[in-house]
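Dear colleague,

I am handing over the structure below, and the notes after it say what was found when going through it. Please read them with the model open beside you.

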Amino acid sequence: LRLKERLQVLPNEAPSHLKDPTPLPGEAPSLLEDGDVTALSSAASSPSSSWTSRNQVGSTHLYPSPTFSSSTFSGFPPEDDSSTPSLEAPIVPPSSPWSSSSSDSAAPSISSDVSQESSSSSSSSSSSVHASSSSEGSSSDENVTSSSSSSFSAAASSLSLAFPQIGAASLVEDVPRPTESPLTMMTPQKSTFSKRLMQLRLKEKKFVCDNRGRVLPILIVGVQKAGTTTMFDDLVTTLWLRTDIDCHMDGELRWPCKELGYFGSQAYQGKPYDSFWGSCFKPEQGLVADFTPENFHYPSIPKEMMSEYGSRSQNIVFLVGLREPLARMLAAFVNGFNVGWLYGHKRHLTFQDHVDEFLQMWDEKGQEEWIPTMHQTNDYRTVDQGLYYYKLRNFLDAGFLPSQFVIFPSNVYFANRGNLDTNPVLEAVRARLGKSVLKPTLNPDSAKVANRGSHRTVEEELPNKEAMRRLQTEVFGAANKRLMELLSENMREGMTLVGYSGVAGDVAAITQWMESQWNF
């Protein structure tokens with residue numbers, strides 16, 4: 001069924017010159033990778049290759065089936081596409097066994113059982129397939145020859161052999177009629193409601209599929225001590241968890257299923273990042289996300305991630321919750337002290353002692369000149385992970401786009417936990433990945449916050465007011481100013497600031513929006 005659906009190119013997944021200028025409300029523009037339509041055309045014209053298709057991020061990605069030799073698949077369109085048949089005109093197989101003389105037959109329901117679709121497809125409406133060629137210089141429609149049509153039929157037959165539960169007939173059932181306009185013919189001819197339902201279904205993007213046909217996360221969530229564990233617990237029933245380990249051992253959810261900790265670590269000793277969630281060709285189990293806060297810590301990680309994803313790196317959505325830095329520093333200190341990643345249980349300092357030692361090192365290392373290498377001193381990652389400007393700057397400098405980021409003050413999520421269907425943070429993610437993703441059946445207990453440490457307030461834990469002033473002005477204050485300028489600048493380029501309704505470029509308004517809601 002998924003294979004059938006993805007062979008139909010929708011308006012928002014067509015080349016840019018044929019994209020529907022009026023996408024569905026709340027939908028973000030799709031990211032269509034170069035050569036996708038060319039690859040679709042090549043697949044249709046090559047009866048010797050068995051292809052599978054997946055509902056991927058922003059476009060129709062075609063990948064070789066598990067029996068396809070990966071050594072012959074480069075992942076790129078041919079440099080010379082002169083051998084690629086034109087899809088400007090509808091392909092009408094002259095003697096297709098699934099064609100019907102009746103053009104008014106009712107199309108089967110989208111939710112019909114696959115076996116019912118296969119058995120009833122012989123009575124489907126007269127079939128044709130219309131797509132668009134992205135070749136430059138094409139100025140007129142070109143009819144496809146009978147041999148091309150036969151090639152398409154052969155390709156469909158080979159697909160049905162690979163997936164016998166679908167059947168060749170169901171691959172092209174309910175396709176548009178050749179008498180309609182090209183743009184209209186790119187969507188199934190159902191009722192308005194059914195058409196919109198299918199569009200929404202096909203717009204769901206739950207994971208990224210790499211060249212090996214393996215799953216990669218589509219959602220990267222951070223930062224540390226800003227509510228990521230609570231969010232994970234709220235959404236865990238909607239997620240596709242790791243398949244290489246048992247995530248529910250003894251009735252408890254194992255921590256590595258939330259925080260993989262892959263990038264910036266040597267723990268996996270060469271094990272590839274795509275080996276944790278299984279195959280793209282398995283039934284979808286939910287959205288794939290990596291909730292590792294350290295992804296927003298080490299400056300080398302953005303480039304590592306860019307290298308791992310390759311051409312699909314722009315499919316990722318980064319969901320970044322920001323908490324007031326000094327409050328986050330105290331929470332991180334308590335967590336690190338209790339868990340052992342701070343001082344390794346070898347030192348017993350108060351928060352005031354910790355701050356005093358940091359400020360002494362801050363002066364010795366040249367203050368802001370120390371920031372680029374501060375991550376190398378683990379004792380002060382409590383400070384480093386709250387310097388949000390530098391963390392976001394690293395991702396943008398590595399080549400990720402501003403439009404890939406959903407930024408929100410942490411309390412925007414926490415204040416709306418009572419109804420996750422309307423939570424503005426999750427709604428911003430759904431605008432990119434699909435209206436039905438991240439929708440658990442039950443709302444959480446909004447009074448329960450996961451992984452919360454027990455400690456006094458910042459004022460009680462840090463009685464030295466001069467030390468507090470220096471942290472707030474010299475350390476975090478300067479970085480926060482740059483952060484607000486960065487958000488203001490990149491909002492114009494598509495970065496989402498959840499809950500901000502002011503003008504893009506208004507640094508003062510963005511500062512007020514953030515600082516009034518970033519603690520919880």
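A good place to begin is helix α17, whose face turned away from its buried side carries the exposed residues Ala508 and Gln512. Please keep in mind throughout that this is a predicted model. On the buried side of α17, which spans residues 507-515, are Ile510, Trp513 and Met514. These three cover an arc of only 95 degrees around the axis, and they therefore sit on the same side of the helix. Such an arrangement fits a general rule: an α-helix has 3.6 residues a turn, so residues three or four places apart point the same way. The cover over the buried residues of α17 includes β9 (317-322), β10 (405-409), α16 (465-491) and β11 (496-497).

For the wider setting, the protein chain has 17 helices and eleven strands, and 52% of its 520 residues count as buried. Among the contacts in the chain with a separation of 6 or more, 73% are between residues 24 or more positions apart.

Helix α14 (residues 424-433) is mostly covered, with seven of its ten residues buried. The buried ones are Val425, Leu426, Ala428, Val429, Arg430, Arg432 and Leu433, a list in which two arginines appear beside the nonpolar residues. What covers them includes β5 (219-222), α7 (228-235), β9, β10, α13 (410-414) and β11. At the N-terminal end of α14, asparagine 423 acts as a cap, with a side-chain oxygen 3.0 Å from the backbone nitrogen of valine 425. After α14 comes glycine 434, which has a positive phi, near 125 degrees.

Strand β10, part of the cover of both α14 and α17, contains phenylalanine 405. Is this phenylalanine 405 buried or exposed? Its relative accessibility is 0%, and phenylalanine 405 therefore counts as buried. Not counting residues up to four places away in sequence, phenylalanine 405 touches Phe318, Val320, Leu392, Phe395, Leu396, Phe400, Arg432, Met495 and Thr496. One of these partners, phenylalanine 318, is 87 residues away in sequence, yet the two C-alpha atoms are 4.8 Å apart in space. Another, Arg432, is one of the buried residues of α14.

Phe395, also touched by phenylalanine 405, takes part in a helix pairing as well. The axes of helix α8 (residues 301-309) and helix α12 (residues 388-398) come within 8 Å and cross at roughly 35 degrees, and the crossing is right-handed. On the α8 side the contact is made by Pro302, Lys303, Met305 and Met306, and on the α12 side by Asn394, Phe395 and Ala398. By class, these are five nonpolar residues, one polar and one charged.

In the loop between α8 and β9 you will find serine 313, which counts as buried because its relative accessibility is 4%. Leaving aside neighbours within four places in sequence, serine 313 is in contact with Met306, Phe400 and Gln404. Of these, Met306 belongs to the contact of α8 with α12, and Phe400 is among the residues that phenylalanine 405 touches.

Several loops also deserve a careful look at the backbone. The peptide bond from glycine 222 to valine 223 is cis, with omega near 10 degrees, and valine 223 is in the loop between β5 and α7. Glutamine 269, in the loop between β7 (252-253) and β8 (289-290), has a positive phi of about 45 degrees although it is not a glycine. Tyrosine 343, in the loop between α9 (325-339) and α10 (351-364), likewise is not a glycine and has a positive phi, of about 70 degrees. With regard to accessibility, glutamine 269 is exposed, at a relative accessible area of 75%, whereas tyrosine 343 is buried, at 8%.

The loop that holds tyrosine 343 also holds leucine 349. With a relative accessible area of 18%, leucine 349 is under the 20% cut-off and therefore counts as buried. Apart from neighbours within four places in sequence, leucine 349 is in contact with Phe333, Phe337, Tyr343 and Glu357. The C-alpha atoms of leucine 349 and phenylalanine 333, which are 16 residues apart along the chain, are separated by 10.0 Å.

With best regards

Terms used:
Residues numbered from 1 in each chain as written. Predicted model: local features only at pLDDT ≥ 70, side-chain atom pairs only at ≥ 80, totals over all residues. Heavy atoms only, no water. Axes fitted to C-alpha atoms, helices over the stretch in contact; angles between N-to-C directions. Helix = DSSP H or I, 4+ residues; strand = E, 2+ residues; numbered from the N terminus. Left-handed = near helix turned anticlockwise from the far one by under 90°. Contact = heavy atoms within 4.5 Å. Buried < 20%, exposed > 50% of the residue type's maximum accessible area, 1.4 Å probe, protein only. Arc of directions from axis to C-beta. Polar contact = N/O pair within 3.5 Å; in protein donor to acceptor, adjacent residues only side chain to side chain.
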